[in-house]
Amino acid sequence: MSQPLPLQPRKEGTKAKAKARTAAAEATAATAAADLASPQEALREAAETYAKGLDTERRGPRLEEFRRSQRLFASVAARHVATAALYTNLGNAALQADDLGAAVLAYRRALELDADYPRAVQNLD
């Protein structure tokens, strides 16, 4: 009877780690770019990234697009005038990124600014 061959370590883990590092670097670069951009440019990029996430079929890349959109909306909210609409968009991006806590917080912040903002009220129901 022959001995079983030892299993070779999978190299995919290394690829996955490299991919994660690349995604993290891109996210940091996107946030830094948003910090330097005008609020209108950052909002445009956040909306485009959100739309790209909606059009992406694979879960991993879709979540990454929504996370990037979430970071961009959060950057604008932290550095510029925040509105109920902005916080609602931030909440929507967070919700799509599977970040429920951040989504609820953003919707509540929207309602602090406008207690009757319909989109925020609807999303918290």
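Select Arg-68 to begin: this residue is partly exposed, with a relative accessible area of 26%. Here buried means under 20% relative accessible area, exposed over 50%, and partly exposed in between, computed with a 1.4 Å probe on protein chains only. The model is predicted, so local features need pLDDT of at least 70 and side-chain atom pairs count only at pLDDT 80 or more, while totals for chains, interfaces and linings use all residues. Residues are numbered from 1 along each chain as its sequence is written, and side-chain values use heavy atoms, with hydrogens and water left out.

**Salt bridges**

Keep Arg-68 selected and add Glu-45; their side chains meet in a salt bridge of 2.4 Å, N to O. Arg-68 lies in helix 3 and Glu-45 in helix 2, so the pair ties together parts that are 23 residues apart in sequence. A salt bridge is a side-chain nitrogen of Lys or Arg within 4 Å of a carboxyl oxygen of Asp or Glu. Helices are DSSP runs of H or I with at least four residues, numbered from the N terminus. The structure holds 6 salt bridges.

Next, select Asp-98 and Arg-59, whose side chains meet in a salt bridge of 3.0 Å, N to O. This pair links distant parts of the chain, with Asp-98 in the loop between helix 4 and helix 5 and Arg-59 in helix 3, 39 residues apart. Arg-59 counts as partly exposed, at 48% relative accessibility. While Asp-98 is in view, inspect its backbone: just after helix 4, Asp-98 takes a positive phi of about 65 degrees.

Return to helix 3 and select Glu-64 with Arg-67, which form a salt bridge through their side chains (3.8 Å, N to O). Because Glu-64 and Arg-67 are 3 residues apart in helix 3, about one helical turn separates them. Glu-64 is partly exposed at a relative accessible area of 25%, and Arg-67 is partly exposed at 32%. Add Arg-71 to the selection to display a network of salt bridges linking Glu-64, Arg-67 and Arg-71.

**Between helices 2 and 3**

Now select Tyr-50 and Phe-66. The count of aromatic pairs comes to 1; Tyr-50 and Phe-66 form this pair edge-to-face, 5.1 Å centre to centre and with 65 degrees between the planes. The pair links Tyr-50 in helix 2 to Phe-66 in helix 3, 16 residues apart. The rule pairs rings of Phe, Tyr and Trp (its six-membered ring) if their centres lie within 6.5 Å; planes under 30 degrees apart count as stacked, over 60 as edge-to-face and the rest as tilted. Phe-66 counts as buried, at 0% relative accessibility.

Move to Ser-69, also placed in helix 3. Ser-69 is buried, with a relative accessible area of 0%. Leaving aside residues up to four places away in sequence, Ser-69 touches Ala-46, Thr-49, Tyr-50 and Ala-93; contact means heavy atoms within 4.5 Å.

**Helix 4**

Select residues 84-96, which make up helix 4: its 13 residues reach 18 Å from first C-alpha to last, close to the 18 Å expected at 1.5 Å a residue. The expected span is 1.5 Å times one less than the number of residues. Among the buried residues of helix 4 are Leu-86, Tyr-87, Leu-90 and Ala-93. To see what covers the buried residues, display elements including helix 2 (39-55), helix 3 (59-79), helix 5 (100-113) and helix 6 (118-124).

**Confidence**

Finally, colour the chain by pLDDT, the predictor's confidence in each residue, from 0 to 100. The mean pLDDT of the protein chain is 83, and 71% of its residues reach 70 or more. Over residues 5-12 the pLDDT is below 50, and this stretch has 0 contacts in the model beyond near neighbours in sequence.

Technical notes: Helices (H or I, at least four residues) and strands (E, at least two) are DSSP runs, numbered from the N terminus.
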